Amino acid sequence: MWVIDFTLISGTTITRAQLSQTGWQADKNTEYYSDNNSYNQLMIVVDANTGDILSKRATQAIQLGVPPPAVITLK
């Protein structure tokens, strides 16, 4: 798993509408965390083997650490 983190600095933020204009599409693996619809941190989790995007998160808070690893059930 690869975790890609974009942190905007110097008080810069981005809105959900601006994210949409750049191709960030909301789906079941997308989370938004903000009280005012502006975000300063974007995190994308990518499957290192397939390149598939596992999750995306836009937030207004500082994230400490990385999210827990995804649980994959093999059939």
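Thr15 is found in strand S2, where strands are DSSP runs of E of at least two residues and helices are runs of H or I of at least four residues, both numbered from the N terminus. The model is a predicted one, in which local features need pLDDT of at least 70 and side-chain atom pairs count only at pLDDT 80 or more, whereas totals for chains, interfaces and linings use all residues. Residues are numbered from 1 along each chain as its sequence is written, and side-chain values use heavy atoms, with hydrogens and water left out.

At 26% relative accessibility, Thr15 counts as partly exposed, a class that lies between buried (under 20% relative accessible area) and exposed (over 50%), as computed with a 1.4 Å probe on protein chains only. When residues up to four places away in sequence are not counted, Thr15 touches Asn37 and Tyr39, contact being defined as heavy atoms within 4.5 Å. The C-alpha atoms of Thr15 and Ser34 are 9.9 Å apart in space, with the two positions 19 residues apart in sequence numbering.

Taken as a whole, the protein chain has one helix and six strands, and these elements follow the pattern β-β-α-β-β-β-β when read along the sequence. Of its 75 residues, 25% count as buried. Among the contacts between residues at least 6 apart in sequence, 53% join residues at least 24 apart. The accessible surface of the protein chain comes to about 5700 Å², of which 55% belongs to carbon and sulfur atoms; accessible areas come from the Shrake-Rupley method with a 1.4 Å probe, and for residues only the protein chains shown count as cover.

Thr13 is found in the loop between S1 and strand S2, the latter spanning residues 14–15, and is partly exposed, with a relative accessible area of 37%. Beyond the residues up to four places away in sequence, Thr13 touches Leu8, Gln18, Ser38, Tyr39, Asn40 and Gln60. The C-alpha atoms of Thr13 and Asn37 are separated by 9.6 Å, although these residues stand 24 residues apart along the chain. Asn37 itself lies in the loop between strand S3 (30–33) and strand S4 (38–39), and at 38% relative accessibility Asn37 counts as partly exposed. The phi angle of Asn37 is near 60°, a positive value in a residue other than glycine. Most residues other than glycine have a negative phi.

The loop between strand S5 (41–46) and strand S6 (53–59) contains Asp47. Asp47 is buried yet has no salt bridge, and the nearest side chain of opposite charge, that of Lys28, is 13 Å away; for this purpose Lys and Arg count as positive and Asp and Glu as negative, while His and the chain ends are not counted. A salt bridge requires a side-chain nitrogen of Lys or Arg within 4 Å of a carboxyl oxygen of Asp or Glu. The side chain of Asp47 instead reaches the backbone nitrogen of Asn49 at 2.7 Å, and a polar atom of the same side chain lies 3.0 Å from the backbone nitrogen of Thr50. Leaving aside its neighbours within four places in sequence, Asp47 is in contact with Asp52 and Leu54. Leu54 is placed in strand S6 and is partly exposed, with a relative accessible area of 30%. The C-alpha atoms of Leu54 and Asn29 are separated by 6.7 Å, with the two residues 25 residues apart along the chain.

The structure holds one salt bridge, which Arg57 forms with Glu31, the closest N and O atoms being 3.0 Å apart. This pair links distant parts of the chain, since Arg57 belongs to strand S6 and Glu31 to strand S3, 26 residues apart. Glu31 is partly exposed, with a relative accessible area of 33%. Gln41, in strand S5, is buried, with a relative accessible area of 6%. Its side chain makes a polar contact with the side chain of Asp5 at 2.9 Å; a polar contact is a pair of N or O atoms within 3.5 Å, of which, within protein, one must be able to donate a hydrogen and the other to accept it, and residues adjacent in sequence count only if both atoms are side-chain atoms.

At the surface, Trp2, Ile4 and Phe6 make a nonpolar patch of about 340 Å². Patches are made of residues with over 30% relative accessible area and no salt bridge, like charges being joined within 9 Å and nonpolar side chains (Val, Leu, Ile, Met, Phe, Trp, Tyr) within 5 Å. Phe6 is found in strand S1, which covers residues 2–7, and is partly exposed, with a relative accessible area of 45%.
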